[in-house]
Amino acid sequence: MSDRAHDGSELHEKQVRCLNQLALDLRWSWHHSSDELWRRLDAELWELTQNAWVVLQTVSRKKLDAVLAEPAMQRLLDDLMEEQRSAIESPGWFQVARGGAGLRSVAYFSMEFMLSEALPIYSGGLGNVAGDHLKAASDLGIPVVGVGLLYQQGFFRQEIDASGRQIALYPYNDPGQLPIAPVRDAAGEWLRIPVVLPGFKLWIRAWQAVVGRTRLYLLDTNDPANLPSYRGITNELYPAEAESRLRQEMVLGIAGWRLLESLGLPVEVCHLNEGHAAFAVLERAHGWMRRSGQTFQQALAVTRAGNIFTTHTPMEAGFDRFDAAMMERYFSGYATRALGIPVQQLLALGRRDGADEREPFQMAYLAIRGSGAVNGVSKLHGAVSRRLFAPLYPRWPEREVPVTAVTNGVHMPSWDSAASDALWTRACGKERWLGGLKTLEEDLKRVSDTELWQLRGDSRRELVRYTRERLARDLAARGASAEEVAVAEKVFDGNTLTLGFARRFTEYKRPNLLLRDPERLLQMLTRREFPVQLVLAGKAHPQDTEGQRLIEQWVQFVRRPEVRAHVVFLSDYDMHVTEHLVQGVDVWVNTPRRPSEACGTSGMKTLVNGGLNVSVLDGWWAEAYRPEVGWAVGDGQEHDASRDAQDAEELYRLLEEQIIPEFYARDAQGISTAWVRRMRESMACLTSMYSSNRSVREYTEDLYLPAAAGYLERSSRAAAGAEIVAWREMLNQHWDTIRFGDVGVKQEEEWINFSVQIYLNAVSPEAVQVQLFAQSTADDADFVDVMEREASLVGAVNGYSYTCRVASGRPATDYTPRIVPFHALARVPLECARILWQR
């Protein structure tokens with residue numbers, strides 16, 4: 001071989017390695033600079049799959065050689081590799097703003113991740129939040145790794161049959177066609193994690209997906225060494241059978257933590273995205289037991305400081321729970337051999353009443369009792385969660401139930417259209433989502449009416465094109481006639497006000513609220529001067545027969561001859577469909593029954609694209625809504641189904657009297673100035689606020705950094721776990737011996753002086769705090785002030801006088817002394833829920 005031929009061969013091999021590296025980095029799912037490369041290799045396959053890895057696996061060697069021989073493609077490949085290198089090595093927000101200090105690694109556990117349609121391991125909102133969290137962490141340089149499951153089939157794919165019924169399909173996810181790779185150990189062997197199930201050892205394979213600067217580790221039970229029934233544990237997402245769910249959650253939590261330990265990752269913070277992964281808190285404590293020689297309770301006291309539980313569930317029935325007998329069968333050996341405790345002690349962690357052996361085991365309770373912080377996913381959901389978890393904290397005011405809130409956000413670069421990206425780049429710069437977002441509102445408000453209205457028109461027409469193409473394809477696949485397909489290719493109009501609704505179809509989300517009066521809706525859609533068109537999508541869980549019936553109602557309405565041109569139901573609601581809808585609709589409609597939606601993120605995705613929201617005041621919209629940015633349905637209170645008719649009427653009236661007239665009121669240039677004014681306010685004020693850039697920075701500053709510090713403080717003190725356990729046991733044993741004595745109140749002109757006698761008996765005064773409490777008279781926090789310990793009471797054993805002085809703005813009768821646990825390292829009431837009130 002000549003030197004030139006040898007050099008050419010080496011160059012080609014290097015180019016192929018570069019292509020492999022690019023295709024296996026899911027950064028291409030939100031940075032579209034490589035799109036042209038994949039289109040050149042196979043335009044049709046790229047358009048259908050948006051999967052760079054499958055394009056690279058499918059292209060012929062001849063086609064690949066030809067493309068790589070083109071100078072323009074060689075330059076593009078070089079540029080892409082430099083861009084990838086820079087994205088990985090350049091300091092992010094965390095390195096610049098925080099100096100990269102105080103946090104080495106966060107492990108983010110989730111049952112699902114929505115990163116790209118190329119990796120279909122998601123169902124909906126929970127996966128959306130998880131995927132966008134990883135992407136934002138990569139953008140910002142925050143050291144997060146994800147841990148999830150690799151499903152052989154994932155969540156079902158949807159078809160609508162000729163009668164309008166949903167058909168659930170389960171195509172196989174071929175790992176060779178997914179942008180993932182096996183995790184190898186130091187010897188080059190595929191990393192396999194063992195977990196003992198009743199009567200059998202389960203082998204779990206580890207995979208890795210690259211997500212920019214972050215990594216997502218996926219676990220898979222389809223190992224040839226496993227029993228056939230066990231190979232299918234990770235077969236589908238959210239199986240209906242409880243035992244299958246339990247096995248999956250054991251794999252996620254126990255094997256997931258063991259994987260992190262096998263990799264030697266210095267994880268300080270374990271973030272549980274919902275309670276599915278709560279078994280990780282047990283395995284993390286188990287690891288600490290092995291390293292420190294401490295008991296399980298002591299190890300849990302140390303490690304829980306670094307655990308964070310995010311709940312997404314707005315109703316008690318939504319939490320995973322498992323039968324006590326099943327839990328005993330699966331966990332008796334683990335409890336005694338690994339944790340050194342009786343299985344009933346383990347099960348008590350997942351029960352409201354730990355002594356009730358008949359009570360089912362609830363994953364959320366385990367997550368709370370194994371974490372150092374708990375949060376909901378919107379301000380309203382935080383309040384709802386405090387109410388749900390109040391039984392774990394008897395006699396504590398609901399506002400003090402230890403659940404905070406971090407409102408979800410979405411990864412705007414993943415959901416903006418090309419036209420929207422271009423507008424935002426002109427206004428705010430290309431790196432606008434990589435930093436602190438300080439100037440975005442001001443920059444966006446300078447965009448002209450013409451540019452904003454043009455964005456809306458271009459985006460709507462692109463949605464019309466996609467809808468026609470997708471509908472025609474679906475009809476042809478169902479065997480529709482050529483005439484029906486031809487009609488589908490002409491539905492919708494690029495100048496017509498377009499509404500979008502896409503959700504999981506289930507009763508409490510009220511997806512058919514807009515269909516409550518079909519004739520009124522039809523009249524609204526078909527007014528010649530002010531027409532409206534509606535695009536719908538959504539799935540119902542295969543076990544949710546009512547949700548499937550709601551889909552049938554819409555499909556039957558859509559198939560009416562007079563409706564077909566104005567309403568389209570797109571089947572198989574997935575990430576591709578979502579992207580096109582949120583980029584193209586003028587108004588996003590959301591109709592849950594408050595407070596059944598924890599947050600809701602679909603409407604957030606429209607913000608960056610200039611879409612507006614009309615929604616019930618639930619989830620994120622309850623805190624985001626102002627009249628200048630959109631429209632609200634309902635009175636902001638909780639109601640049962642008896643309110644549905646009134647909410648439907650209000651939605652119809654908003655559309656008829658405000659939304660439709662405003663859209664069609666145009667100036668001499670054909671621009672709706674009122675609509676554009678609302679667009680500008682929504683885009684400028686809400687987009688950054690409800691971005692995952694903001695939410696992930698908030699998690700980092702408010703939860704990750706304090707959790708890491710708390711864990712490091714406890715883990716660095718050899719006796720910390722033992723101290724906390726001894727403190728809690730002492731309080732549990734002697735709490736009932738504490739009593740109040742006399743209370744004194746002295747009124748001065750500007751002050752009220754309180755004194756109270758406390759008899760602590762066997763309880764150390766350093767183990768408690770005496771507080772003066774007054775309930776808030778508004779929406780702010782309750783008044784709590786620590787009373788000072790004064791002289792010992794004469795003749796008493798461990799009796800003291802406590803005093804406090806407050807301003808005289810409120811009557812003295814508003815205030816009540818109380819006694820609560822106190823330890824310098826512990827969070828109260830999360831770690832000890834005792835409380836005693838003076839009567």
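**Exercise 1.** In this predicted model, determine whether Cys685 counts as buried or exposed, and then establish how many disulfides the whole structure holds.

*Solution.* Begin with the accessibility of Cys685, whose relative value is 16%. Because a residue is called buried when its relative accessible area is under 20%, Cys685 counts as buried. Next, turn to Cys428, which is likewise buried, with a relative accessible area of 15%. Then consider the sulfur atoms: the closest cysteine sulfur to that of Cys428 belongs to Cys685 and lies 12 Å away, which is too far for a bond. Seen from the other side, Cys685 is in no disulfide, and the nearest cysteine sulfur to its own is that of Cys428. Since a disulfide requires two cysteine sulfur atoms within 2.5 Å, this pair does not qualify, and a search of the whole structure finds zero disulfides.

**Exercise 2.** Work out the strand order of the open sheet that contains E27, and explain which strands stand at its edges.

*Solution.* Four strands make up this open sheet, in the order E24-E23-E27-E28, with antiparallel pairing. The edges are taken by E24 (783-786) and E28 (836-837), each of which has a single partner strand, so one side of each is left without a neighbour in the sheet. For E28, the antiparallel pairing with E27 (residues 815-821) runs over two bridges, and Ile819 stands opposite Leu836 in E28.

**Exercise 3.** Describe how strands E21 and E22 are joined.

*Solution.* First, locate E21 at residues 739-747 and E22 at residues 751-759, which run antiparallel and are joined by seven bridges. Within this pairing, Val745 stands opposite Phe754 in E22. Finally, inspect the connection, where three residues lie between the two strands of what is a hairpin.

Notes. Residues are numbered from 1 along each chain as its sequence is written. This is a predicted model: local features need pLDDT of at least 70, side-chain atom pairs count only at pLDDT 80 or more; totals for chains, interfaces and linings use all residues. Side-chain values use heavy atoms; hydrogens and water are left out. Two strands pair if DSSP finds at least two bridges between them. Buried means under 20% relative accessible area, exposed over 50%, partly exposed in between (1.4 Å probe, protein chains only).
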